[in-house]
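Let's take a walk through a protein chain together. Keep the picture open while you read, and look up each residue as it comes along.

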Amino acid sequence: MSKRIGILTGGGDCPGLNAVIRAVVRKSVLKYDYQVLGILKGWLGLMEYGLTEELNLDKVSGIIHRGGTILKTSRTNPFKEKDGVKRIIEKVRALELSAIIAVGGEDTLGVAAKLAEEGVEVVGVPKTIDNDIWGTDYTFGFDTSVNIAMDAIDRIHTTAESHNRVMVVEVMGRHTGWIAIEAGIAGGADFILIPEKPVDLHKVCEAICKRHERRRDFSIVVVAEGAKITTPDNGTTKEVEVVQNEEKDSFGHVRLGGIGKVLATEIQKRTGFETRFVILGYVQRGGTPTAFDRMLGTRFGVAAVDLVHRGEFGKMVTLEGNKIGSITLKEATSKTKRIDDELYEIAQVFFG
Ligand code: F6P
């Protein structure tokens, strides 16, 4: 009897997910004669019944260019649900799945790592526009969002220049500033704020003022949603993070967003320059993936099936340089890949 494997996509949607699904199905069916079962809505689909769909070559035809995920997604944490893990183990057995390919970011892969320890045969594929998964140089989705953000910065330059304004562009990036740094450098930003490097507002305003003293009459500031601003507080320094909603999801995350507005208000108040803000939000995750993300998703999907075939469970596929490799899910989820000083120093060359 041929093997049957399951695939699910969890966490925020991301350009390139369909490229992974397509590659997993084609490699499984054509090379190894496996059957593939699509599990809908991330880990939720492995806890509840009725959330599966057989995948064949027809089902994955014509999807590589489409954003989002044909398998739907959710931010479900089985470790927070009643009997969540037990239900998953029973369901994997009932569906006769010999392996699960879990495509997701830190949360989905964190669940995969813990399930692997419980004996579930799982392989991970790193997905996130935030590009913050440890052990892989790139996650798919990141390149598309950087290009969307860069394009937005290019367009925002028009208003900044014409109106002599400071424009603050808020991009995604919960724990890390990868999108902000890359889109900011590529888009010619005059200051970039990232979660890894909390800065005093005074520094931002000083850089803008210096730039305007050199007879530049507009500025672009790029800020990651998770960036922190520092303020003096009774002889010490206090870090301020702006959240939209204090309520935590099942992985313990608050909803970020809004630092762009805070920054714009403060910059206008302190410098006197007319300042506006734009929050790019979900535009960065939407629509068609770039060629890079389609390629990376495809390579990851093919490699994940090879890991299953070799019985290398509890691992995640990676990109190291231009080579596909793998590391254990445990290691991949043990830390966050942050911006290093070298890259930040490059960004700083263009501040002010
Ligand atoms: O994890 C990727 C990400 O895009 C973060 O940058 C952002 O904070 C989060 O998803 C928002 O996701 P949602 O609002 O869909 O939960």
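Here is a tour of the domains, the place where they meet, and a few residues worth finding.

## Before we start

This is a predicted model, so-called local features need pLDDT of at least 70, side-chain atom pairs count only at pLDDT 80 or more, and totals for chains, interfaces and linings use all residues. Residues are numbered from 1 along each chain as its sequence is written, and side-chain values use heavy atoms, with hydrogens and water left out.

## Two domains

The protein chain is split into domain 1 (4-140 + 289-332) and domain 2 (142-285); such bounds come from an automatic or database domain assignment. Between the C-alpha centres of domain 1 and domain 2 there are 33 Å.

How many residues of each domain are in contact with the other? On one side 23 residues of domain 1 take part, and on the other 19 residues of domain 2, where contact means heavy atoms within 4.5 Å. Together the two domains bury about 1800 Å², and carbon and sulfur atoms give 51% of that. (Buried area is the accessible area, with a 1.4 Å probe, that two parts lose on being put together, summed over both.) On the domain 1 side, Arg75, Ile129 and Asp130 lose the most area to domain 2, together 33% of what that side buries.

## What holds hands across the interface

Two salt bridges are counted between domain 1 and domain 2. A salt bridge here is a side-chain nitrogen of Lys or Arg within 4 Å of a carboxyl oxygen of Asp or Glu. There are also nine residue pairs in polar contact across this interface, with both residues at pLDDT 80 or more. A polar contact is a pair of N or O atoms within 3.5 Å; within protein, one must be able to donate a hydrogen and the other to accept it, and residues adjacent in sequence count only if both atoms are side-chain atoms.

Helix 3 (106-117) and helix 8 (291-309) are the elements that give two or more residues to the side of domain 1 that touches domain 2. Helix 3 gives the largest share of that side, with three residues. Helices (H or I, at least four residues) and strands (E, at least two) are DSSP runs, numbered from the N terminus. By type, the residues on this side of domain 1 are eight nonpolar, seven polar and eight charged. For that sorting, Ala, Val, Leu, Ile, Met, Phe, Trp, Tyr, Cys and Pro count as nonpolar, Asp, Glu, Lys and Arg as charged, and the others, Gly among them, as polar.

## Salt bridges to look up

Side chains of opposite charge can pair when their charged atoms come close. In the whole structure there are 16 salt bridges. In one of them, aspartate 13 sits in the loop between strand 1 (4-9) and helix 1 (17-32), and arginine 285 in the loop between strand 14 (275-279) and helix 8, so this pair ties together parts that are 272 residues apart in sequence. Their side chains meet at 3.0 Å, N to O. Aspartate 13 is partly exposed at 25% relative accessible area, whereas arginine 285 is buried at 15%. (Buried means under 20%, exposed over 50%, and partly exposed in between, with a 1.4 Å probe and protein chains only.)

Now find glutamate 266 and lysine 269, which form a salt bridge at 3.3 Å, N to O. Both lie in helix 7, three residues apart, or about one turn of the helix. Is glutamate 266 buried or exposed? Glutamate 266 is buried, at 18% relative accessible area, while lysine 269 is exposed at 62%. Elsewhere, salt bridges with shared partners link Arg165, Glu274 and Arg276 into one network.

## Single residues worth a look

Threonine 271 is in helix 7 (residues 259-271) and is buried, with 15% relative accessible area. Its side chain reaches the backbone oxygen of isoleucine 267 at 2.6 Å and the backbone nitrogen of phenylalanine 273 at 3.1 Å.

Two residues that are not glycines have a positive phi: glutamate 96, at about 55°, and asparagine 131, at about 60°. Glutamate 96 is exposed at 52% relative accessibility, but asparagine 131 is buried at 1%.
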